[in-house]
Amino acid sequence: MSNQVNNKSKLKLAIQKSGRLHDDSVRLLKECGIDISNGINKLKADATNFPIEVFFLRDDDIPQYVEDGVADIGFVGENVVFEKKKKVVITDKLGFGKCRLSMAVQRNEQYTGIQSLQGRKIATSYPVIVADYLKEKGVDAEIHEISGSVEIAPGIGLADAICDLVSSGSTLFMNGLKEAEVILQSQAVLIRNESLEPAKQQLLDRLLFRIQAVKKAKNNKYILLNAPNNKLKEIIALLPGMKSPTVLPLAEEGWSSVHSVLNENEFWDIIEQLKAAGAQGILVVPIEKMIV
Ligand code: ATP
Ligand code: ZN
């Protein structure tokens, strides 16, 4: 009986059993301080230190499981969420599994825009997304659904073009194809069931709080530098910091140590300006968690 109550208050999370999203999904949990006993050949595993139970599934099945409430939440590619069109809520972007869904044509083909696919045949594993896109663009083409090795379709005369996931483009290149048009940018997202009971929502909020802290930390660096006191004002003005920079006197007279946090996007610009302003001994340190 008590076991049942216990199980009910656990958050059920679906992740990919094996494939491109598996390792990053497990790593994110670990970075959130959630350890799962190794369940690689199992259907599910319990976390040892957080009320969460992890289900290992094929990525294509995750939206359905979350819609049905068999799982409360899932980590899955946006591409799969948009293709399956299940009733789930996209709650957060996870920052991994980045790829794009693109149209590709044979390398020698002149591609002048999506209109050039009018009346032609497109092979894809994403018939729903492709159909939506063509409709939006007013293009009428024949969609041929295939589940794997889509990139060989033009070479064997099965289709004039393909629409497939691309990250580096090397698979396309090896098959004599070129990327013609990006139709969707995708990354892994956290999806949740539409009506979570309050106890589960509370657990999800705790998990989201940790995910935010991990993501923020990845986007920021801790920076320490030495500054001559007569340049301190100028240097501090360059640093955003979480509130304001920390300034500590150095043992050497006339110098201070300045500590702050920099966002990755503005990082190199600011470092260059700091150097120009007279900063020395600049150290940049990764941040593990960041709670603001
Ligand atoms: P499963 O056995 O779970 O069905 P799969 O073969 O469908 O696995 P993977 O190839 O492991 O799927 O890809 C899973 C997800 O990883 C994709 O849906 C996509 O969101 C993401 N992804 C990131 N980069 C790429 C890429 N270069 N090619 C394909 N998928 C990618
Ligand atoms: Zn799949």
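**Exercise 1. Work out the strand order of the open sheet, and say which strands sit at its edges.**

Solution. Start with the order: this predicted model has an open sheet of 5 strands, arranged β8-β7-β9-β6-β10 with mixed pairing. Next, look for strands that pair on one side only: these are β8 (142–145) and β10 (177–186), the edge strands. Finally, check the twist. Neighbouring strands are turned by 30° against each other on average, with direction ignored.

**Exercise 2. Walk through the pairings around β7 and β9, giving the sense and the number of bridges for each.**

Solution. Take β7 (residues 121–124) to begin with.

- Towards β8, the pairing is parallel, over 4 bridges. Ile-122 has Ile-143 as its bridge partner in β8.
- Towards β9, β7 pairs in the parallel sense over 3 bridges. Here Ile-122 stands opposite Ala-161.

Now move on to β9. Its pairing with β6 runs antiparallel and has 6 bridges. As a sample pair, Ala-104 finds its bridge partner in Ile-162 of β9.

So is β9 mostly covered or not? Count residues under the 20% cut-off for buried: 5 of the 6 residues in β9 qualify, so the strand is mostly covered.

**Exercise 3. Find which strands helix α5 lies across, and its angle to β10.**

Solution. Helix α5 covers residues 127–137. Go through the strands it lies across: β6 (99–106), β7, β8, β9 (161–166) and β10. For the angle, compare the helix with β10: α5 runs at about 95° to that strand.

**Exercise 4. Identify the residues that coordinate the zinc ion (ligand 2), and decide why the arrangement counts as irregular.**

Solution. Begin with the residues. Asp-59 and Asp-60 coordinate the zinc ion through OD atoms, at 2.0 to 2.1 Å. Then turn to the angles: the 4 donor atoms subtend 74 to 173°. A tetrahedral call needs all angles between 85 and 135 degrees, and the range of 74 to 173° doesn't fit that, so tetrahedral is out. The verdict for this zinc ion is irregular. For reference, the ideal angle for four tetrahedral donors is 109.5 degrees.

One of these residues has a second job to look at. Asp-60 also meets Arg-58 in a salt bridge, at 3.1 Å from N to O. How accessible are the two partners? Asp-60 is partly exposed, because its relative accessible area is 28%, while Arg-58 is exposed at 58%.

**Exercise 5. Trace the salt bridge between Arg-120 and Asp-160: give its distance, place both residues in the chain, and classify their exposure.**

Solution. First, the distance: the closest N and O atoms of Arg-120 and Asp-160 are 3.8 Å apart, which falls inside the 4 Å cut-off. Second, the placement. Arg-120 is in the loop between β6 and β7, and Asp-160 is in the loop between β8 and β9, so the pair links distant parts of the chain, 40 residues apart. Third, the exposure: Arg-120 has 25% relative accessibility and Asp-160 has 28%. Buried would need under 20% and exposed over 50%, so Arg-120 counts as partly exposed, and so does Asp-160.

For a pair of sequence neighbours, try Glu-288 and Lys-289. Their closest N and O atoms are 3.3 Å apart, and they form a salt bridge. Glu-288 is exposed at 64%, whereas Lys-289 is partly exposed at 36%.

Last step: look for shared partners. Glu-109, Arg-120 and Asp-160 are joined into one network by salt bridges that share partners. The overall count is 15 salt bridges.

Definitions and conventions: Residues are numbered from 1 along each chain as its sequence is written. Chains are lettered from A and ligands numbered from 1 in the order in which they are written. This is a predicted model: local features need pLDDT of at least 70, side-chain atom pairs count only at pLDDT 80 or more; totals for chains, interfaces and linings use all residues. Side-chain values use heavy atoms; hydrogens and water are left out. Two strands pair if DSSP finds at least two bridges between them. Helices (H or I, at least four residues) and strands (E, at least two) are DSSP runs, numbered from the N terminus. Axes are lines fitted to C-alpha atoms, for helices over the stretch in contact, and angles run from 0 to 180 degrees between N-to-C directions. Contact means heavy atoms within 4.5 Å. Donors are N, O and S atoms within 2.8 Å of the metal (3.2 Å for Na, K and Ca); water is not among the atoms, so sites may look incomplete. Four donors count as tetrahedral if all angles lie between 85 and 135 degrees; four count as square planar and six as octahedral if opposite donors are over 155 degrees apart and all others between 65 and 115; anything else is irregular. Buried means under 20% relative accessible area, exposed over 50%, partly exposed in between (1.4 Å probe, protein chains only). A salt bridge is a side-chain nitrogen of Lys or Arg within 4 Å of a carboxyl oxygen of Asp or Glu.
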